[in-house]
Amino acid sequence: MSRVGRIRVLVLLGAVATLEALCRTGVISSFTLIAPSTIVVSTVEILASGRFTADIVVTLRNVAAAILTAMIGGVAIGTLLHGLPATRRVLEPLFATYYAIPVYAFYPLLIVVFGLGDLPQIAIGFLLAVMAVVINTMNGLDRVPAVLLKAARVQRLGPLATAWSMRLPYAAPYVFTGFKLCVAYSFVGVIGAEFITSSRGIGYEIAFAYNNFDNRVMYALIFFILAVVTLVNMSLYAWERRLLARRQR
Amino acid sequence: MKWRDPLLLIAVVVGLWQLLYLYAGDSALSSPVTTARTLAIMLQDPRFLVHVRETLLAFLQGFLIAVLIGLAIGFALGAHAFSGEVGEPILVALYSIPKVTLYPIILLIFGIGMPAKVAFGAIQGIVPIALFAMNAIRNLNPVYARTARVLRLSPVAWTKELLLPAALPEVITGIRVGFSLTLIGTLLGEMFGAQRGLGYLLMQAMGLHHMPRLMALTLLLVLFAATVNALLLALDRRLHERG
């Protein structure tokens, strides 16, 4: 491991150790925060007991659905709008304000439109995530050099073939940035929706444990979801590095 | 001509809203006219303005804290290259975790009330502001630093004459992103655990299924967010063009 990496690990370990010491000595009361080591132990216990397996499956499935639809929809909408500059110009203020709009306020509307099942939660995740993909796709397509498009014309590629074999591969790193945000926003959207109005899923169980002062369960579930998200993000980060390294050769 | 596009956009959005209303009916949403009228009535009610002030106060404090801490972290990590290298992946990881999951912990620390709301907003805003500020300092043209050395500028003069003006456009972009996230964070916090504020009213309207009220609140929030965002965006563009 590089020197930077070692120091980074030390910084993180130091932070966790400080927290552990503060909890063990009673500076932080166990009603507020339980010691990190206890959190890890209870996470393992709770996962092994299988009590929350159904909730975990529901949440992860909904997040995955939101991610997939947002990725496909985002690239499609981004490519389409890139081809329609006039429409895009009119919509520009919407792109800029989109993330300032509190999307959770539309939850009741989504319930009426989609019913009471999992769809409203997926829709919130999708709505939060899709715009990141749209914006980054357009941003990437803007940067495709004219010479590539000329080459496509020389090869007599149709618009679809040009998009598939020239534009999208060139825009890939930008689209990938959108995908990373898309993953993060999908988690936020789905879990946030479960928090405020839902009857199952990890977000709901965390809120339920909070309301019952069940700190062991609450911290275990929070730790679990943060660990999953961090793992997914780190894999994406590593994959992106590999893709970029290959392009530079 | 400059105003034609935004007006067109607003007309299209209101038109789609009306169509959706005609399709989905009163139980799903209220019409644009009803919503605007409800909002106008609500804004004259002093009891409602108490909630508006509560949310605004929580948001402004959270935003101020996010800007101050975010800029401090960003400038420190940007100025010291090694710390920046150590810290950046940690910041990026913090940026992408769903911070809603931390809300119960904040409530345990602060209890229900103003400090918790401020914290809900602040934790969402700090990291993006720090990331943008760090990159702003890091990507400064090295010629500036050399020029400053040749001119023997004092650290204060260097900060005032070079660092701030050169980094400002990116810093403003970060603050704009931080603004949106802090607002969403504050509202989400109020929706999850509060007894006052617009987020609380949203949850109440949702529970009572009072569509005109719910839509009026949403409209108010969207108008506020869009206005501030447009102002920050205009500032952002002007600074980037000048630079």
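This is a short walk through a predicted model, one selection at a time.

**Before you select anything**

Try colouring by confidence. The model as a whole has an ipTM of 0.78 and a pTM of 0.84. For chain B, the average pLDDT is 86, and 98% of its residues reach at least 70.

**Select chain A**

Switch to a cartoon view. You will find 10 helices and zero strands in chain A, so reading from the N terminus you pass α-α-α-α-α-α-α-α-α-α. The C-alpha trace of chain A covers about 70 × 55 × 30 Å along its principal axes. Of its 249 residues, 36% are counted as buried.

How do the contacts in chain A spread along the sequence? Taking contacts between residues at least 6 apart in sequence, 74% link residues that are at least 24 apart.

**Now add chain B and look where the chains touch**

Here 42 residues of chain B contact 42 residues of chain A. To see the chain B side, select these helices of chain B, each of which provides at least two residues to it:

- helix 1 (4-24) and helix 4 (81-96)
- helix 5 (103-110) and helix 8 (155-192)
- helix 9 (198-208) and helix 10 (211-242)

Which helix of chain B gives the most to this side? Helix 10 does, contributing nine residues.

**Colour that side by residue type**

Stay with the side of chain B that touches chain A and colour it by chemistry. Its residues comprise 33 nonpolar, seven polar and two charged. With helix 10 of chain B still highlighted, you have the element that supplies the most residues to this side in view, a good place to end the tour.

Key. Residues are numbered from 1 along each chain as its sequence is written. Chains are lettered from A and ligands numbered from 1 in the order in which they are written. This is a predicted model: local features need pLDDT of at least 70, side-chain atom pairs count only at pLDDT 80 or more; totals for chains, interfaces and linings use all residues. Two residues are in contact if their C-beta atoms, placed from the backbone, lie within 7 Å. Helices (H or I, at least four residues) and strands (E, at least two) are DSSP runs, numbered from the N terminus. Ala, Val, Leu, Ile, Met, Phe, Trp, Tyr, Cys and Pro count as nonpolar, Asp, Glu, Lys and Arg as charged, and the others, Gly among them, as polar. pLDDT is the predictor's confidence in each residue, from 0 to 100. A residue is buried if 20 or more other C-beta atoms lie within 10 Å of its own, exposed if 12 or fewer, and partly exposed in between; C-beta atoms are placed from the backbone.
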